[in-house]
Amino acid sequence: MVKIHIRSAKQPAPTQGKKSAQGKKRKRKSSRPRWGLRLFLAALMLFIALSVTAAVGIAQVDVSSLENPLPRPSFIYDRYGEKASQLSSSRIIPVSLDQIPVHLQNAIVAVEDKRFYEHPGIDVLSIGRALIRDLQSQSWAEGGSTITQQLAKNMFLSSDKSLSRKLREAAYALKIDMIYDKNDILELYLNNVYFGEGSWGVQSASKRYFGKEVGELSLEEAALLAGLPKAPTHYSPLKDREKALERRNTVLALMREQQYISEEEYQMAVSAPIVLSVAQEEGLQGKYPSYRDYVIQEAVSLYGFTEEQILTGGLQIYTELDPAAQNAAEEVYMDDRFFPAGKEDQQIQSGVVLLDHSSGGVRALVGNRGEGVFRGFNRATQLKRQPGSAFKPIVVYGPALERGYTPYSRLYDGELNINGYQPRNWDHRYRGQVTLAEAVTNSWNIPAVWLLNEIGIDAGMDYARSLGIPLSDDDRHLSIALGGLSEGVSPLQMAQAFGAFANQGMMYEAHAITKITTQDGYVLVEAHAEPKRITSPEHAYTMTRLLENVVRYGTGTKARLDRPTAGKTGTTQLPDTEEFAGITGPVSKDAWFVGYTPELTAAVWLGYDKTDRNHYLESSGSEAAASLFREIMSRALQGVPVRPFEVPASYRDHWNLWTGQELFPNWNKDKDKDKDKDREKEKKEEKNKPNPSKNKNSDKGKENRKKEKD
């Protein structure tokens, strides 16, 4: 029989059961603090891990490039001390913070990052607000970027809006803020931020929009610039003045709200209209490219500067550049009418130099036709081509005058064979004897070679070397009389040499740079041109008169100006090789004209870069070169008073002894021969012309027969 015990509600439970229940109760109580501790410890460890990871990541971020000084552009100045061209590898014109008006600094802080002076590089509150908006829009469009973050993005990162880029941006910003103080960060930002219209940095922007130095900006102008970085194209005053005005006034309102300006200052600035001005320096970047390249070449080779120093060192390079002459040369070189037609696959190229022979200063130069590249091949200064007959005054007639020859000295002009070398005149004629003046004027070859042989090759080479022409032992042959050089010369070298004749026998070394200073005016180098006596004033003037005759009566008439002009043509023949076999007529490889007025000396070269059977000058070419000389010089000297060549006092009587018959005894003979040829040609044409009087059916024939009958 089973006994059932019924326990009342008040009866206590068995001791064992009680203990068990109490034990369970105690376990529940003790588990809460243990799990809480674990969560706390886990969170703490995660925070520490993230902090360590962030600290390591930030430590590995390299911002050392910010320590490098910002590249500063260098400027080329013309002979009048005006800025002519900008040399820069950077789009930035850096300025220090103390050069930037305080109201521009405040405007940037007010509109871009009002807690700039309080946060450690990133603004958590701004990031939080931006993150909420990004989550709502499911994009990363909102920035929340501080000035420091924007600097990091501009200097180190791409412009994509990915989360990873934003995290890297924050790391860079924290590192920058740890190393640099706020003023340094603000200066770096203001020099690197984009203000639109191709302007990077506040100085460029100030020049671009207002045509003034950044330190001269008014409050309203500063506010306009401060409003641009958010959307430079959208708010550009050059594109939409109303939007630019609205944005400017927003910046001014923020400045008033943040107590950077008073109510009175706000009212005055907000009521001011937008007034823009074109910068004077606009367009200086890349201006006068051929001259600029030569200036760099001279600074590197002559003064030891590196290209990097020139492009980033803020150098002030003062030169001999004459803008009028340079513009004249560039305008002519851009006009195809002044050049022979080239081929579709290769353009006829050219180079020209204009030199002030009284100082050696390079007034202008152009080194190519068509588009060029930075520091590309400069045909005005780097070309090496044979000068043809333009070399005769340098290597033959100059030293001959030194040795007692005169313009009316008789020179041999007949068949000539000197150790196998047999020169020919361009017109294939012999005259027996000609005067030196005739030989120069008509550019006859045989008299020049004969005369060089008479005075000695060494005499000619020494004279050429004294004029700055580099020659080697390979040039020691009689064909040097006709410009047959192993290496060749440039227009710059030819202009320098002829400049000695123009300057009464004194030669100055050709140069562009007069001095180079730092940005604050400290002189680094200064040119001191020393003249060199090449020949006497009397002999130099004699050469000038000889070369004047070339322009008046001889091969250089296309170079004639409305002022005294002297000069010499030069052409080189096509190579005597199988490739050019069968090509006849007045063709040439190179064409030159080198000449001068009392003011300037100029040298022009014309030809193909690569001469082959399909690419050569299809005329003598010297006429085209002479025409280029005339066109450039007439423009460069426009408005300059005409003056004669200076005559040495001791030479006047000697010169007046010259008569036309003494100088040009073959003048009439050649004219008579030409007339005889013309008469023979007319007779042949007349003989071959149909005679209507012999035609019985013609009206003229009927009329003649009627007359005969009568």
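Is tyrosine 288 buried or exposed? Tyrosine 288 is buried, with a relative accessible area of 6%, and I should say straight away that this comes from a predicted model, so please hear everything that follows as values computed from that model.

Let me stay with tyrosine 288 for a moment, and place it for you along the chain. It sits in the loop between helix H10, residues 263-270, and helix H11, residues 289-303, and although tyrosine 288 is not a glycine, its phi is positive, at about 50°.

There is a second residue to set beside it, and that is asparagine 419. Here too we have a residue other than glycine with a positive phi, near 55°, and asparagine 419 also belongs to a loop, namely the one between strand E6, residues 410-413, and strand E7, residues 432-435. As to its surroundings, asparagine 419 is exposed, with a relative accessible area of 82%, whereas tyrosine 288, as I said, is buried at 6%.

Let me turn now to the helix packing, beginning with H2 and H6. Helix H2, residues 102-112, packs against helix H6, residues 182-192, at an angle of about 90°, and the two axes are 11 Å apart. Since an angle of 65 to 115 degrees counts as roughly perpendicular, H2 and H6 are therefore roughly perpendicular to each other. On the H2 side the contact is made by Gln105, Ile108, Val109 and Glu112, and on the H6 side by Leu186, Tyr189 and Leu190. Sorted by class, these residues of the contact of H2 with H6 are five nonpolar, one polar and one charged.

The other pair I would like to show is H7 and H8. Helix H7, which covers residues 202-210, and helix H8, which covers residues 219-226, pack at an angle of about 115°, with 11 Å between their axes. That angle makes H7 roughly perpendicular to H8, and H7 passes H8 in a right-handed crossing. From H7, the residues Ala205, Ser206, Tyr209 and Phe210 meet Glu221, Leu224 and Leu225 of H8, and the contact of H7 with H8 divides into five nonpolar residues, one polar and one charged.

While we are in H7, I would draw your attention to glutamine 203, which lies in that helix. Glutamine 203 is buried, with a relative accessible area of 5%, and its side chain reaches the backbone nitrogen of valine 214 at 3.0 Å. If we leave aside the neighbours within four places in sequence, glutamine 203 is in contact with Ile93, Val95, Glu213 and Val214.

A second glutamine, glutamine 267, is found in helix H10. Glutamine 267 counts as partly exposed, at 40% relative accessibility, and from C-alpha to C-alpha it is 9.8 Å from arginine 256, with the two residues 11 apart in sequence.

Finally, I come to proline 531, which lies in the loop between strand E10, residues 523-526, and strand E11, residues 532-533. Proline 531 is partly exposed, with a relative accessible area of 35%. Which residues is proline 531 in contact with, leaving aside its neighbours within four places in sequence? Those residues are Met506, Met507 and Tyr508. The C-alpha atoms of proline 531 and alanine 500 are separated by 9.6 Å, and these two residues are 31 apart along the chain.

Note on methods: Residues numbered from 1 in each chain as written. Predicted model: local features only at pLDDT ≥ 70, side-chain atom pairs only at ≥ 80, totals over all residues. Heavy atoms only, no water. Axes fitted to C-alpha atoms, helices over the stretch in contact; angles between N-to-C directions. Helix = DSSP H or I, 4+ residues; strand = E, 2+ residues; numbered from the N terminus. Parallel < 35°, antiparallel > 145°, perpendicular 65-115°, else oblique. Left-handed = near helix turned anticlockwise from the far one by under 90°. Contact = heavy atoms within 4.5 Å. Nonpolar A, V, L, I, M, F, W, Y, C, P; charged D, E, K, R; others polar. Buried < 20%, exposed > 50% of the residue type's maximum accessible area, 1.4 Å probe, protein only. Polar contact = N/O pair within 3.5 Å; in protein donor to acceptor, adjacent residues only side chain to side chain.
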